[in-house]
Amino acid sequence: MFTGIVQGIAPIVAIDEKVNFRTHTIKMPPSLLKDLQLGASVANNGVCLTVTKIDGDLVSFDLMQETLKLTNLSQVNVGDSVNIERAMQMGTEIGGHILSGHVYCMAKVINIIPSENNVQIWFEMPNNGAIKYILHKGFIAIDGISLTIGEVKGNTFCVNLIPETLQRTMISKRPIGSLVNIEIDPQTQAIVDTVERYLKNRQI
C-alpha cells in the first residue's frame with residue numbers, strides 16, 4: 001500500500017525490451033535505499049512494481065503486458081524520470097490517502113494554467129465511464145501523487161498544484177497531450193457503484 005506522497009524522482013538508466021515484457025532499471029535516490037530488498041513493492045509513477053534486482057543504487061523492475069497497456073510506463077525511455085514512493089509502513093504518518101498502486105486508466109493533459117502561487121492542470125479522461133468517480137473535492141492519484149480534485153466539467157477535471165508538489169514530482173514536466181496514470185479512490189468508487197446499483201434495482 002502507498003500514500004500518494006512522492007518521496008523522490010528517479011531516472012531510468014536502462015530498459016530491456018522483450019516480447020510483451022520489459023525490465024527497467026532506475027537510479028534510486030540514496031534516501032530510499034535503506035532496507036530495500038528483493039521482492040519489495042515500490043511505486044513508479046503510481047504503479048506498484050516488485051523489485052527484481054538491486055545493484056548498488058540501481059534497482060530493476062519487471063513490467064508485464066497488462067502494466068504496459070494500462071500505464072504510461074510503456075512510454076518512458078532511458079533518461080526519463082519517474083515518481084518514486086516506497087511502500088508505506090505501519091505506524092508512520094499518512095499524509096495523502098491510501099493507494100494500492102493499481103492504475104485504473106490514463107488521462108490526457110489538455111491545459112496548463114500557471115498563476116503566481118500555483119499551477120492548475122486540466123485532464124481529459126478516456127470514454128470508459130471513469131469520470132463518474134471523479135468528484136469535486138474528492139481524492140485522486142495522478143502518476144502516484146495524492147491530489148484533491150478541483151473542478152469537474154464533462155469528461156475533464158483539474159487539480160491545483162502548490163510549488164512543493166511541482167518541485168518534488170514530475171507532474172510539472174508533463175506537456176499538453178501527454179498521458180498520466182490515474183488511480184481512482186476506491187472508497188469513492190465503492191460508493192458510486194453502490195448508489196448506481198441501488199437506483200437501478202429501484203427501477204426494476
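In this predicted model, strands S10 (residues 145-153) and S11 (residues 156-161) run antiparallel and are joined by 3 bridges. One spot to look for is Lys153, which sits opposite Thr156 in S11. What holds such neighbours side by side is simple enough: strands of a sheet pair through backbone hydrogen bonds, and the pairing can be parallel or antiparallel.

Zooming out, S10 and S11 turn out to be part of a closed barrel of 6 strands, with antiparallel pairing, and the order around the barrel is S7-S8-S11-S10-S9-S12. Going from one strand to the next, the twist averages 45°.

The chain holds another closed barrel, again of 6 strands with antiparallel pairing, and this one runs S1-S2-S5-S4-S3-S6. Here, too, neighbouring strands are turned against each other, by 45° on average if direction is ignored.

Several pairings in this S1-to-S6 barrel can be traced by eye. Strand S1 (residues 8-18) is a handy place to start, as S1 is joined to strand S6 (residues 81-86) by 4 bridges, with the two running antiparallel. In that pair, Ala10 faces Val82 of S6. S1 also runs antiparallel to strand S2 (residues 21-27), and this time there are 6 bridges. Lys18 has Phe21 in S2 as its bridge partner. Between S1 and S2 lie 2 residues, and the two strands form a hairpin. Asn20, in the turn of that hairpin, has a positive phi of about 55°.

Further round, strand S4 (residues 47-55) pairs with strand S5 (residues 58-64) in the antiparallel sense, over 4 bridges. Ile54 is matched there with Val59, its bridge partner in S5. When following any of these strands, it helps to know that side chains of a regular strand alternate between the two faces of the sheet.

How does the chain divide up as a whole? The domain assignment gives domain 1 (8-86) and domain 2 (105-198). Their C-alpha centres lie 23 Å apart. The two domains do touch: 13 residues of domain 1 are in contact with 14 residues of domain 2.

Finally, there is a feature on the outside worth finding. Ile191, Val195, Tyr198 and Leu199 make a nonpolar surface patch of about 400 Å². Tyr198, one of these four, belongs to helix H3 (residues 186-203). Tyr198 is also the residue at which the assigned domain 2 (105-198) ends.

Methods
Residues numbered from 1 in each chain as written. Predicted model: local features only at pLDDT ≥ 70, side-chain atom pairs only at ≥ 80, totals over all residues. Heavy atoms only, no water. Pairing = 2+ DSSP bridges. Axes fitted to C-alpha atoms, helices over the stretch in contact; angles between N-to-C directions. Patch = residues over 30% accessible without salt bridge, like charges linked within 9 Å, V, L, I, M, F, W, Y side chains within 5 Å. Areas by Shrake-Rupley, 256 points an atom, 1.4 Å probe, with all protein chains shown as cover. Salt bridge = Lys/Arg side-chain N within 4 Å of Asp/Glu carboxyl O. Domains from an automatic or database assignment. Contact = heavy atoms within 4.5 Å.
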